[in-house]
Amino acid sequence: MIYGRRRIGKTELIEQYFKKKKVLKFEGIQPDHLRPRSKNEERLFQLQQCLHRLSRYVENPLLEKLTLSTWSEFFELLVPILAKGELVLYFEEVQWLSNYQSEFLAAMKPFWDDYFRHNPKLKVVLCGSASSSTALR
């Protein structure tokens with residue numbers, strides 16, 4: 001877990017360290033505060049962004065057409081992909097992916113316990129920041 005103030009080089013550190021590895025990077029998108037979404041709408045938006053990236057990583061455009069409603073469903077899709085091989089699973093801007101809620105990490109925990117940790121060549125990186133204390137809700 002890498003967490004710190006914005007604009008101090010967390011992303012650059014991670015990307016330089018893993019530059020010779022196969023990285024599956026999923027990045028949270030900053031919420032549009034001019035057009036706020038409900039918590040559910042925000043989760044669905046972030047999930048769709050992650051599905052978009054996953055479809056490109058595995059070269060399967062049909063994944064993008066799926067409709068997921070929970071992070072558990074997303075992690076379920078990752079299970080066969082992360083089962084073997086040297087990979088880095090990298091979540092950037094976790095605070096936006098999770099919409100400042102614990103649901104994302106709570107959903108990830110059983111997948112770590114039951115599947116991901118069994119691949120000794122898998123590295124999982126969570127990175128996040130906050131521009132100010134008022135950004136956390």
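In this predicted model, the residues of helix H2 that count as buried are Glu 42, Arg 43, Gln 46, Leu 47, Cys 50, Leu 51, Leu 54 and Ser 55. An α-helix has 3.6 residues a turn, so residues three or four places apart point the same way. The elements that cover the buried residues of H2 include strand E2 (23-27), helix H3 (71-82), helix H4 (94-97) and helix H5 (103-114). Helix H2 itself runs over residues 39-57 and comprises 19 residues. From the first C-alpha to the last, H2 reaches 27 Å, which is close to the 27 Å expected at 1.5 Å a residue.

Two of the buried positions of H2 may be described individually, beginning with Glu 42. Glu 42 belongs to helix H2, and its relative accessibility of 3% places this residue in the buried class. With residues up to four places away in sequence left out of the count, Glu 42 touches Ile 29, Pro 31, Arg 37 and Asn 99. Arg 37, one of these contacts of Glu 42, also takes part in an arrangement with an aromatic side chain: the charged end of Arg 37 sits over the ring of Phe 45, at 3.8 Å from the ring centre.

The second position is Cys 50, which is buried with a relative accessible area of 0%. A disulfide is a covalent bond between the sulfur atoms of two cysteines. The count of disulfides in the model comes to 0. Cys 50 is in no disulfide, and the nearest cysteine sulfur, belonging to Cys 127, is 14 Å away. Because a disulfide requires sulfur atoms within 2.5 Å, the 14 Å separation leaves Cys 50 and Cys 127 unpaired. Cys 127 is likewise in no disulfide, with the sulfur of Cys 50 as its nearest cysteine sulfur. Cys 127 is also buried, at a relative accessible area of 0%.

Beyond the end of H2, the backbone adopts a positive phi at Glu 59, near 55°. Most residues other than glycine have a negative phi. Glu 59 is a residue other than glycine, and it is located in the loop between H2 and H3. In contrast to the buried residues of H2, Glu 59 is exposed, with a relative accessible area of 72%. A positive phi is also found at Tyr 100, which is not a glycine and has a value of about 60°. Tyr 100 lies in the loop between H4 and H5.

Aromatic side chains were examined next. The whole structure contains 14 aromatic pairs. One of these is formed by Phe 75 and Phe 91, whose rings are arranged edge-to-face, with 6.1 Å centre to centre and 85° between the planes. Phe 75 is part of helix H3 whereas Phe 91 is part of strand E3 (residues 87-92), so this pair ties together parts that are 16 residues apart in sequence. Phe 75 is buried, its relative accessible area being 0%, and Phe 91 is buried at 0% relative accessibility.

Phe 91 also pairs with Phe 104, again edge-to-face, at 5.1 Å centre to centre and with 80° between the planes. Since Phe 91 lies in strand E3 and Phe 104 in helix H5, the pair ties together parts that are 13 residues apart in sequence. Phe 91 and Phe 104 are both buried. Ring pairs link these side chains into a cluster that consists of Phe 26, Tyr 57, Trp 71, Phe 74, Phe 75, Phe 91, Phe 104, Phe 111, Tyr 115 and Phe 116.

A further set of contacts between residues distant in sequence involves Ser 129, a residue of strand E4 (residues 122-130). Ser 129 is buried, with a relative accessible area of 3%. Although Ser 129 and Arg 5 are separated by 124 residues in sequence, their C-alpha atoms are 5.5 Å apart in space. Leaving aside residues up to four places away in sequence, Ser 129 touches Tyr 3, Gly 4, Arg 5, Arg 6, Lys 10, Glu 93 and Gln 95. Among these neighbours, Arg 6 makes a polar contact through its side chain with the side chain of Ser 129, at 3.1 Å.

Key: Residues are numbered from 1 along each chain as its sequence is written. This is a predicted model: local features need pLDDT of at least 70, side-chain atom pairs count only at pLDDT 80 or more; totals for chains, interfaces and linings use all residues. Side-chain values use heavy atoms; hydrogens and water are left out. Helices (H or I, at least four residues) and strands (E, at least two) are DSSP runs, numbered from the N terminus. The expected span of a helix is 1.5 Å times one less than its number of residues. Buried means under 20% relative accessible area, exposed over 50%, partly exposed in between (1.4 Å probe, protein chains only). Contact means heavy atoms within 4.5 Å. Rings of Phe, Tyr and Trp (its six-membered ring) pair if their centres lie within 6.5 Å; planes under 30 degrees apart count as stacked, over 60 as edge-to-face and the rest as tilted. A charge sits over a ring if NZ of Lys or CZ of Arg is within 6 Å of the ring centre and within 35 degrees of the ring normal. A polar contact is a pair of N or O atoms within 3.5 Å; within protein, one must be able to donate a hydrogen and the other to accept it, and residues adjacent in sequence count only if both atoms are side-chain atoms.
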